[in-house]
Structure formats: structure tokens, C-alpha cells
Amino acid sequence: MKRGLVLACLLVAGCIPRVDRPEPPSRPSPSRPPVVRPAEPSAATLQCHADMRREEFRYRPLPDQYFSGGCSALGAVQLIDIGTPTTNLGAMTCPLALRFGRWVREAVQPAAGQWLRSRVVKVESMGTYACRPVNNVAGNRISEHGLANAVDIGGFVLEDGRRITVLAGWNGEDEDVRRFLRAVHQAGCRRFGITLGPDANALHRDHFHFDMGRGPYCR
């Protein structure tokens, strides 16, 4: 009797479906870091480094980096000191950094003395490297910012305490400020491949864009 009862219980147990424990959800994989490829600098990059030292610009060479979306920072440097403090500078190709340092020294400071009668003690950058398409419009080609080959400048702080911005000053009431901003804009046109300002389009109403891409183009 007991043997038959045990057998019946085993048969019933065999008909009960097994409940598997759900597997824990998988953790999302971290975003892919940039690929860093140490490589010997090209002859052009070495020459640019020599030019930077001759100009007495302090800088730090950066390793070549490749990012997702086709962006990269190749032959780039980090500017440390160009004689005038400049905010928010990230990776810049060496030729861009060299031209930028010269622009500040040879154009911005003399124009400030001529039109504003004060020295610039700080240049306000709006950034260099940013992986995005031109004008942030999907489908456009990669911006020169996505190649560490562009810099945006939004304003200047003077030794006498004044702050000059492209947004307020380009069409502002102060004629000397307008002349100063146009002088440094035109000096950019002579040094960079592409120079854009408030007259280019609404996207540049508050800054100057300088890059070493296909040019020359000045607006």
C-alpha cells in the first residue's frame, strides 16, 4: 500500500512543470573609449612643434586619437601658455594652435591697444574639439571641430575690467568695440582657412569660428 502511494506521488511530481529562475538582466556595456594609437609624429608635425617653440608657446603634444562617428584628433596639442590666458581650450591640431597663438599675439593685443586702449587679459573660447556634423545638422559632413581643427571665440576681458563679447559688441553702440571686433575678425581671415562671424549666419551671432579646413573663406 505504502509502496503504491509513493509511486503515485512520484508520478504526480513528474507532471508538475519545472519553474526556472529568470536570469538577471545583462548590464549595458560601457561606451567605447577612443582608440589611442601612439605613432611617430610626421615631419610636418615635428616642424610645427619647432615653430611653436620658436614662438615661445608652451604646449603638450597629445597622442593620436580616433573616436566613433569618424571623429579624430590627430597631430594635436594642448596649449598651455601663449602669453594671454585663454579659457576652454581642448585638443587642437598643431597648425591651428600655432595660428591661434599668433592671432592673439599679433592681432588681438595690438587691436585692443588701438581701439580699446587696454590690454586683453583673457580670451574666452567656446571650445575646440567636439564630435558633431557641420552646424549640428544630421547628415552634414563632420565639422572641423570633430577633427580638433577649429576653435570658437566668444569674448575678451580687458585689463581695465571691461568684458567685450561678440554677441553684444558686433552691432553694439560703442563704435570702438565694433572696430576692435572687426579688426580681429579680419585678422582671422588672413590666418585661418575659414573664418566665420555674426555676418555669416545666425549660428555665429555670438562667436568667431576659426578653422584650418578647406578655404580660404571669410564671412
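A disulfide is a pair of cysteine sulfur atoms within 2.5 Å. The exercises below build on that rule.

This is a predicted model: local features need pLDDT of at least 70, side-chain atom pairs count only at pLDDT 80 or more, and totals for chains, interfaces and linings use all residues. Residues are numbered from 1 along each chain as its sequence is written, and side-chain values use heavy atoms, with hydrogens and water left out.

**Exercise 1. The disulfide pattern**

Find how many disulfides the chain has, and give the pattern they follow.

Solution.
- Step 1. The rule gives 3 disulfides.
- Step 2. One is formed by C48 and C94, with sulfur atoms 2.1 Å apart.
- Step 3. C71 and C131 form another, with 1.9 Å between their sulfur atoms.
- Step 4. C189 is joined to C218, S to S 1.9 Å.
- Step 5. Count the bonded cysteines along the chain: the pattern is 1-3, 2-4, 5-6.

**Exercise 2. Handedness and place**

For each pair of cysteines, state whether the disulfide is left-handed or right-handed. Then place the partners in the chain. Helices (H or I, at least four residues) and strands (E, at least two) are DSSP runs, numbered from the N terminus.

Solution.
- Step 1. Take C48 and C94. The torsion about their S-S bond is about -95°, so this disulfide is left-handed. C48 sits in helix α2 and C94 in helix α3, 46 residues apart, so the pair links distant parts of the chain.
- Step 2. Take C71 and C131. Their S-S torsion is about 85°, so the disulfide is right-handed. C71 is in the loop between β3 (64-66) and β4 (72-73). C131 is in the loop between β8 and β9, and the two cysteines are 60 residues apart.
- Step 3. Take C189 and C218. A torsion of about 60° makes this disulfide right-handed. C189 lies in helix α5 and C218 in strand β13 (residues 217-218), so the pair ties together parts 29 residues apart in sequence.

**Exercise 3. Buried or partly exposed?**

Sort the bonded cysteines by burial. Buried means under 20% relative accessible area, exposed over 50%, partly exposed in between (1.4 Å probe, protein chains only).

Solution.
- Step 1. C48 and C94 are both buried.
- Step 2. C71 has a relative accessible area of 2%, so C71 is buried. C131 has 41%, so C131 counts as partly exposed.
- Step 3. C189 is at 17% and counts as buried. C218 is at 35% and counts as partly exposed.
- Step 4. Now the whole chain: of its 219 residues, 40% count as buried.

**Exercise 4. The span of helix α3**

Check whether the end-to-end distance of α3 agrees with its number of residues. The expected span of a helix is 1.5 Å times one less than its number of residues.

Solution.
- Step 1. Helix α3 covers residues 94-116, which is 23 residues.
- Step 2. The expected span is 33 Å.
- Step 3. The end C-alpha atoms are 30 Å apart, which agrees.
- Step 4. Look along the helix. A kink of about 30° is centred on V104. The bend at a residue is the angle between axes fitted to the seven residues ending there and the seven starting there.
- Step 5. Go past the helix. R117 follows α3, and its phi is positive, near 55°.

**Exercise 5. The core**

Name the element that gives the largest share of the largest nonpolar core. A nonpolar core is a set of buried Ala, Val, Leu, Ile, Met, Phe, Trp, Tyr and Cys residues joined through side-chain atoms within 4.5 Å.

Solution.
- Step 1. The largest core has 38 residues. M52, L79, F100, W103, F156, F180 and L181 touch the most other members.
- Step 2. Elements giving two or more residues include α2 (43-54), β5 (76-81), β9 (150-158) and α5 (175-191).
- Step 3. The largest share, 12 residues, comes from α3.
- Step 4. Another core, of 5 residues, lies apart from it; L62, A73, A76 and A148 are among them.

**Exercise 6. Two residues, two sets of contacts**

List contacts of F100 and R102, leaving aside neighbours within four places in sequence. Contact means heavy atoms within 4.5 Å.

Solution.
- Step 1. F100 is in contact with L79, I82, T86, L89, M92, V123, V151, I153 and F192.
- Step 2. R102 lies in helix α3. R102 has a relative accessible area of 23%, so R102 is partly exposed.
- Step 3. R102 is in contact with E55, F57, A107 and R191.
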